[in-house]
Amino acid sequence: MSIQPNPFIRGYQNLRIVRTLCITYEDDSAPVWRPLHSSQAHLPDDQVAQFPCILCNDFALITEGQEIEEELENQCQTEGIVRTVIYAVESDDFGQPVHVGDTYSDEAAREVIRRLTFETGFYSRCWEISSAHITQDAGRYLAELADIATPTRFLFVAFRIPYSPAIGVKLIATPWTDENLGHVEGITAEDLRREHLKKAMPESLVNVLHLAAQADVRILILDADAQILEGLPIFEE
């Protein structure tokens, strides 16, 4: 069964830095890129760039001034020259690995990641979406919760927006992942979902709240005049 992407998630996920070597050959063949073998990962750039190396399909090894185990040397049948060290920024985008770009220092790569990262607690945690993403029964259920003290075990608080038919939800203890909920509440995300359904919460509302909370949304506004969020089901009644 295919996993549907969460439409509340924005930006690249799992941003990471991959140090690779741009290597050329004496016969002017097209350059290739290889990571340093883990046994030489500690070498600084100035002991790698412009140095001769040997390589295979999976890694490269600097030869000048370095001791190489015979077993590793036997795996590398090709010789080359490291022209430069690349710090590639890679990530996941809706579950697929993507290459974001290349930089020429670890510091520069970290700055790219800092600029691309949606840092929890600063922004991208308040959403307004169309109430068409939940059924009318779910809308009435949520409105009733907004008029009473929402049970604490729900891990959210519903509230009304003054002079508006919109209903807001303050999500608590996000993200609703097994790891975080286990640490904060001693439960799993499935435990919380069962608790919601056991209290007769309409499934369309459960689905929307859990998707939002998994993406670490803290404030969710449902309004009939708001935009449709692509990727969420629509209930036209």
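This report walks through a four-stranded sheet, the helix on it, a pocket and two residues in a predicted model.

**The sheet**

Let's start with the strand order. The sheet is open and has 4 strands, arranged β7-β10-β9-β8 with mixed pairing. Its edges are formed by β7 (126–130) and β8 (156–160); each has a single partner strand, so one side of each is left without a neighbour in the sheet. From one strand to the next, the twist averages 20 degrees.

How do β9 and β10 pair? Strand β9 (residues 167–171) and strand β10 (residues 219–223) run in the antiparallel sense, with 4 bridges between them. If you would like to trace this pairing on screen, two residue pairs will help: G168 has I221 of β10 as its bridge partner, and V169 is matched with L220, also in β10.

On the sheet sits helix α3 (residues 136–146), which touches β8, β9 and β10. The direction of α3 makes about 90 degrees with that of β8.

The pairing of β8 with β9 is antiparallel too, and 5 bridges join these strands. Here R160 has I167 of β9 as its bridge partner. The two strands form a hairpin with 6 residues between them, where Y163 takes a positive phi near 60 degrees.

Is β9 mostly enclosed or open? Of its 5 residues, 4 are buried, so the strand is largely enclosed by the rest of the structure.

**The second largest pocket**

The second largest pocket holds about 290 Å³ of space. Its lining is made up of 18 residues, and those closest to the centre are S131, I134, G139, P165 and A224. Two elements, α3 and β10, each give two or more residues to this lining. So which element gives the most? That is α3, with 5 residues. By residue class, the lining of this pocket divides into 10 nonpolar, 4 polar and 4 charged residues.

**Two residues to look at**

K170 and D93 make a handy pair of stops on the tour. K170 lies in strand β9, while D93 is found in strand β5 (residues 78–93). The table sets out some values for each.

| Residue | Relative accessible area | C-alpha separation | Distance along the chain |
|---|---|---|---|
| D93 | 30% | 9.5 Å to P5 | 88 residues to P5 |
| K170 | 31% | 58 Å to I68 | 102 residues to I68 |

Are these residues buried or exposed? A residue counts as buried under 20% relative accessible area and as exposed over 50%. D93, at 30%, is therefore partly exposed, and K170, at 31%, is likewise partly exposed.

Their contacts beyond four places in sequence complete the picture. D93 touches G11, Y12 and V98. K170 touches L155, F156, V157, F159, R218 and I219. Among these partners of K170, F156 falls within the range of β8 (156–160), and I219 falls within that of β10 (residues 219–223).

Key
Residues are numbered from 1 along each chain as its sequence is written. This is a predicted model: local features need pLDDT of at least 70, side-chain atom pairs count only at pLDDT 80 or more; totals for chains, interfaces and linings use all residues. Side-chain values use heavy atoms; hydrogens and water are left out. Two strands pair if DSSP finds at least two bridges between them. Axes are lines fitted to C-alpha atoms, for helices over the stretch in contact, and angles run from 0 to 180 degrees between N-to-C directions. Contact means heavy atoms within 4.5 Å. On a 1 Å grid over the protein atoms alone, a cavity is a set of points where a 1.4 Å probe fits but cannot get out, and a pocket is an open set with protein on both sides within 12 Å along at least five of seven lines; lining residues have an atom within 4 Å of a point. Grid points are joined across faces, edges and corners, and a volume is the space filled by probe spheres set on the points. Ala, Val, Leu, Ile, Met, Phe, Trp, Tyr, Cys and Pro count as nonpolar, Asp, Glu, Lys and Arg as charged, and the others, Gly among them, as polar. Buried means under 20% relative accessible area, exposed over 50%, partly exposed in between (1.4 Å probe, protein chains only).
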